[in-house]
Amino acid sequence: MRKPIMAANWKMNKTSMEAVKFMQELANLIDNDNNDVEVVVCPPFTALRSLSTMIDIDKLNVKLGAQNMHWEPSGAYTGEISALMLNDLRVDYVIIGHSERRQYFLETDEIINKKVHAVMDNGMRVIMCVGESLEQREAGQTQGHIINQVNNGLAGVTREQLTDVVIAYEPIWAIGTGRSATPDDANEVCRLIRDRVSALYDQTCAEDIRVLYGGSVSPANVNDLMTQPDIDGGLVGGASLEPKSYSELITGAMKVCQRS
Ligand code: PGA
């Protein structure tokens, strides 16, 4: 049974004080003994320290994620953050290859692959994002594009390392637009990703890997998305910024556990 994940990607939102306030409110809304869903909060780098301390002191059942990192261990890379620095803050997950990084910061599949390796080499887990643009979807290029992104992103990743990889399917046209993919369409691409993992590794790996959907996930559509057989949770931007709606998404992800 794959354990669902409900990951909050806050992007460039919230000061560390706001992050702490959010976490206090969230803690009152969710069951801290929940063992069914992995709750992963990915704040900006500047809030990682305060949330890490809070999670530790209050024994919160929440994992910490970062939104990006550099692949080199240290050096002259002004403005960058290394795996060692994140590990030091007890970060569990690192989002790699988000479409905003690909689009605005020109991250290529090659860069993403280096980062994927650096995350795992430092004992953390990866949420690797893939997704097609609207033009690619309309031109019927979704499948080929996703297959390429998965092949290139996972290049050199061993079968053993794959247990530390989560793949998030995020169609670019659905991100922040309020226009989510339909549950069937989202599931179809998540299935495709699983089939690709089967081709690259084997069927057991394909059945074990967690594949998330992201792109305008909200309390209104979370149930329909999460009950799809190949969707193991969500990577959520806008709807994760308020404790109430995020807590509803976590409850929605619990539905994944109830599917047969
Ligand atoms: P959204 O963002 O939920 O605001 O569409 C998702 C993401 O970019 O991860």
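The paragraphs below lead through a predicted model, from its nonpolar cores to its empty spaces and then to some single residues.

The interior is a good place to begin. In soluble globular proteins, nonpolar side chains tend to be buried together. In this model the largest nonpolar core has 71 residues, and within that set Met-6, Ile-167 and Tyr-246 touch the most other members. Helix H8, which covers residues 183–200, gives the most to this core, with six residues. Apart from the largest core there is a second, separate one of twelve residues, whose members include Val-40, Tyr-93, Val-166 and Leu-235. The surroundings of Met-6 can be followed in detail: when residues up to four places away in sequence are not counted, Met-6 touches Val-37, Glu-38, Val-39 and Val-40, among others. Further along the sequence its partners include Val-222, Met-226, Gly-234 and Val-236, as well as Tyr-246, Leu-249, Ile-250 and Ala-253. Val-40, one of the residues that Met-6 touches, is thus a residue of the second core, whereas Tyr-246, another residue in contact with Met-6, is a member of the largest core.

Met-128 gives another view of the interior. This residue is found in strand E5, residues 125–130, and is buried, with a relative accessible area of 0%. Leaving aside neighbours within four places in sequence, Met-128 is in contact with Ile-96, Ile-112 and Val-116, with Gln-149, Val-150, Gly-153 and Leu-154, and with Val-166, Ile-167 and Ala-168. Among these contacts, Ile-112 is 16 residues from Met-128 in sequence, while the two C-alpha atoms are 8.3 Å apart in space. Two other contacts of Met-128 lead back to the cores, for Ile-167 is a member of the largest core and Val-166 belongs to the second.

Cys-129 is also buried, with a relative accessible area of 2%. Is its sulfur part of a disulfide, or is it free of one? Cys-129 is in no disulfide, and the nearest cysteine sulfur, that of Cys-42, is 9.3 Å away. Seen from the other side, the sulfur of Cys-42 has that of Cys-129 as its closest cysteine sulfur, and because the separation is 9.3 Å, the pair is too far apart for a bond. Cys-42 itself counts as buried, at 0% relative accessibility. By the distance rule that was applied, the count of disulfides comes to zero.

The next topic is empty space. Rolling a probe the size of a water molecule over the atoms shows where empty space is left. A search of the whole structure finds one cavity of 30 Å³ or more, and about 50 Å³ of space lies in the largest cavity. Its lining is made up of Met-23, Leu-26, Ala-27, Ile-30, Asn-32, Leu-60 and Val-62, which divide into six nonpolar residues, one polar and no charged.

The pockets are described in a similar way. The largest pocket has a volume of about 430 Å³ and is lined by 14 residues, of which Lys-11, Met-12, Gln-67, Arg-101 and Phe-105 lie nearest its centre. Helix H4, residues 99–104, gives the most to this lining, with three residues, and the lining as a whole divides into seven nonpolar, four polar and three charged residues. In the second largest pocket lies about 240 Å³ of space, lined by 21 residues, with Gly-176, Ser-216, Val-236, Gly-237 and Gly-238 nearest its centre. That lining divides into seven nonpolar, twelve polar and two charged residues. Val-236 also appears among the residues that Met-6 touches.

Some residues in and around helix H2 complete the tour. Ser-52 is found in H2, residues 48–57, and is buried, with a relative accessible area of 4%. Beyond its neighbours within four places in sequence, Ser-52 is in contact with Leu-64, Leu-89 and Arg-90. Arg-90 has its place in the loop between helix H3 (83–88) and strand E4 (93–96), where it counts as partly exposed at 47% relative accessibility, and it has a positive phi of about 60° although it is not a glycine. Lys-59, in the loop between H2 and strand E3 (63–66), likewise is a residue other than glycine with a positive phi, near 50°. At 63% relative accessibility, Lys-59 counts as exposed.

Notes
Residues are numbered from 1 along each chain as its sequence is written. This is a predicted model: local features need pLDDT of at least 70, side-chain atom pairs count only at pLDDT 80 or more; totals for chains, interfaces and linings use all residues. Side-chain values use heavy atoms; hydrogens and water are left out. On a 1 Å grid over the protein atoms alone, a cavity is a set of points where a 1.4 Å probe fits but cannot get out, and a pocket is an open set with protein on both sides within 12 Å along at least five of seven lines; lining residues have an atom within 4 Å of a point. Grid points are joined across faces, edges and corners, and a volume is the space filled by probe spheres set on the points. Ala, Val, Leu, Ile, Met, Phe, Trp, Tyr, Cys and Pro count as nonpolar, Asp, Glu, Lys and Arg as charged, and the others, Gly among them, as polar. A nonpolar core is a set of buried Ala, Val, Leu, Ile, Met, Phe, Trp, Tyr and Cys residues joined through side-chain atoms within 4.5 Å. Buried means under 20% relative accessible area, exposed over 50%, partly exposed in between (1.4 Å probe, protein chains only). Helices (H or I, at least four residues) and strands (E, at least two) are DSSP runs, numbered from the N terminus. Contact means heavy atoms within 4.5 Å. A disulfide is a pair of cysteine sulfur atoms within 2.5 Å.
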